[in-house]
Amino acid sequence: MKTFYIETFGCQMNAHDSEKVVGTLLERGYSQVDEPAGAELILYNTCSIRDKAEQKVFNRLQSFKKEAGKGKIFGVLGCVAQQEGEKIFERAPHVSLVAGSASYTRLPELLVQLESGNRRVTGLSLDTNETFDTPYTRRDNPHRAYITIIEGCDKACAYCVVPFTRGPERSRTRESVLREAESLAELGYSEIQLLGQNVNSYRDPSDAGFDFAKLLSAVGNVPGMRRVRFTTSHPRDFVKEIIDAIDEQPELCNHVHLPVQSGSTAVLERMQRQYTRDDYMRRIEWMKKANRDIAITTDIIVGFPGETEKDFEETVRLIEEVEYDAMFIFKYSKRPNTPALAYQDHIPEEEKTRRFLILQERQRAIQLRRNAKYVGTTEEVHIEGYNLATGQWIGRTSQNKTLNFTDPELPAPKDGETLVGRYAQVLVTRAGPNSLAGERAA
Ligand code: 5AD
Ligand code: SF4
């Protein structure tokens, strides 16, 4: 029996890719182990979105250098693999497999090469129109599942490696997406997250009129489906029909993650984002005017080359105006191949940190304010777990907020009595900046 260990870095696309890679390996007769020590094949599914993420894999490989040659095989998958390619063999000579996500359809073939003793196996072509559809996905969570609807990215944001690491945009047919959603519903999954680097540019390759908003509704209509989420969105391709669909269909979660990156039109232009601050705010207005209370979250980059104090202040103003429910803030990080590398006026690290901290503090106050509005309301949660330390069940609202709650009738999970995967109505009694707390309603 061949054994493997896999560690995954990066975004949900990577997490889901790993689920497919694991399924493919199990299908080939491998068994998965939890520690690299016990594995013959050690895989890292890597992320290169920022420099720190990229360093992680080389640190890992370094720590295992001595193990090489003792019957262990190392593989680097994902975005660092695609970005660095065969250079990885020079930097870490004990690596035998280097493959980017656009080559995973070839994984069975690459494994055969590895198994027959080939010590330099690569899958690095980005010239593909295929998506990694596999019946062997091994899902980590029995209640909530990912479905990839579109892979790759055709945008050219000046800071971003993804177009270089994940290849050109390619959508799956609606037939194959819906078939997967239906079979997941049959297996008992009630929550689905549709994934893509830019889900909004989804088009059924066999029917160009069938766009993302239509797919979203169709997945929501799959019998048994109770919650449908999606990530991630590009504002340029985000159309009003998506909000209309959410408004009409309770199965579609009332949460939209819409990365703005900056509140300054001048910076957005240098980022090659293809929208202005006003374009973005128009989309926010659609959401604020919707009948449902749609939670809005975002990503922001501080310290993009040339970002002036005035530009930064516009970002601060924008977050106060939108009142986001949650936000990921990143300090700009130089990435290979990207247009922004050649820009002048790079911002000093201390200044990036200063801007980061200002945003973080402002956002904390906004979240506290936003969350306080839910005190006294009853929210439906999907139950995700139980926290022994606090004696609370862990739930998630449709808006993607964590709502921890107590249940007088079920103080702790007993054998066979776990509520995980079920839904409950919870009365919100307290609000913090990052979560809500409450009590199960009768
Ligand atoms: N530097 C900092 N943040 C980045 N992101 C993408 N590329 C970079 C970079 N070079 C952020 C963006 C994106 C999120 C996933 O990561 O905000 O939305
Ligand atoms: Fe990281 Fe981006 Fe690759 Fe996801 S797509 S793993 S965030 S570099």
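This is a short tutorial dialogue on reading a predicted model.

User: Let me start with the overall layout. Which domains does the assignment give?

Analyst: Keep in mind throughout that the model is predicted. The domain assignment gives domain 1 (3–123), domain 2 (144–372) and domain 3 (378–440). Taken over C-alpha atoms, the centres of domain 1 and domain 3 are separated by 37 Å.

User: Now the ligands, please. Which residues are around ligand 1?

Analyst: A good habit is to list the shell and then sort it by character. Around ligand 1 you find Ile 49, Arg 50, Tyr 159, Gln 261, Asp 299, Ile 301, Phe 330, Lys 331, Tyr 332, Ser 333 and Arg 335. Sorted by type, that shell has five nonpolar, two polar and four charged residues.

User: Which strands supply at least two residues each to the shell around ligand 1?

Analyst: Two strands do so: β15 (295–302) and β16 (326–331).

User: Which N and O atoms should I look at around ligand 1?

Analyst: Take the contacts one at a time, and note whether the protein atom belongs to the side chain or the backbone. Arg 50 places a polar side-chain atom 3.0 Å from an oxygen atom of ligand 1. For Gln 261, an N or O atom in the side chain is 2.6 Å from an oxygen atom of the ligand. With Tyr 159 the partner is a polar backbone atom, 3.0 Å from a nitrogen atom of ligand 1.

User: How much of ligand 1 does the protein bury?

Analyst: Here the ligand's area when taken alone is the reference. That area is 410 Å², and the protein buries 86% of it.

User: And ligand 2: where does it lie with respect to the domains?

Analyst: For a question like this, ask which domains contribute to the shell. Ligand 2 lies between domain 1 (3–123) and domain 2 (144–372), because both give residues to its shell. The surrounding residues are Cys 11, Asn 14, Thr 46, Cys 47, Ser 48, Ile 49, Cys 79, Val 162, Arg 166 and Gln 197. By type they divide into five nonpolar, four polar and one charged. Ile 49 appears in this list, and it is also among the residues around ligand 1.

User: Let's turn to the backbone. What should I expect of phi and of peptide bonds?

Analyst: As a general idea, most residues other than glycine have a negative phi, and most peptide bonds are trans. Exceptions are worth finding on your screen. One cis peptide bond joins Thr 231 and Thr 232, with omega about 5°. Thr 232 sits in the loop between β13 (227–231) and α9 (240–248).

User: Which residues other than glycine show a positive phi here?

Analyst: Gln 272 is one of them, with phi near 60°. Its place is the loop between α10 (265–270) and α11 (277–289), and its relative accessible area of 34% makes it partly exposed. Asn 337 is another, at about 75°, in the loop between β16 and α13 (349–372).

User: Last topic, salt bridges. How many are counted?

Analyst: The count is 39. To read one, check the N to O distance, then the positions of the partners in the chain, then their exposure. In helix α7 (residues 174–186), Glu 175 and Arg 179 form a salt bridge whose closest N and O atoms are 3.4 Å apart. The two are about one helical turn apart because four residues separate them in that helix. Glu 175 is exposed at 53% relative accessibility, while Arg 179 is partly exposed at 48%.

User: What about the salt bridge between Lys 240 and Asp 244?

Analyst: Their side chains meet at 3.0 Å, N to O. Both residues lie in helix α9, four residues apart, about one turn of the helix. Lys 240 is partly exposed at 35%, and Asp 244 is partly exposed at 26%. Salt bridges can also share partners: Glu 307, Glu 309, Glu 351, Arg 354 and Arg 355 are joined into one network in this way.

User: And how do Glu 109 and Arg 106 meet?

Analyst: Their side chains form a salt bridge of 3.2 Å, N to O. Glu 109 is partly exposed, with a relative accessible area of 40%, and Arg 106 is partly exposed at 29%.

Notes: Residues numbered from 1 in each chain as written. Chains lettered and ligands numbered in written order. Predicted model: local features only at pLDDT ≥ 70, side-chain atom pairs only at ≥ 80, totals over all residues. Heavy atoms only, no water. Near = heavy atom within 4 Å. Polar contact = N/O pair within 3.5 Å; in protein donor to acceptor, adjacent residues only side chain to side chain. Areas by Shrake-Rupley, 256 points an atom, 1.4 Å probe, with all protein chains shown as cover. Nonpolar A, V, L, I, M, F, W, Y, C, P; charged D, E, K, R; others polar. Buried < 20%, exposed > 50% of the residue type's maximum accessible area, 1.4 Å probe, protein only. Salt bridge = Lys/Arg side-chain N within 4 Å of Asp/Glu carboxyl O. Domains from an automatic or database assignment.
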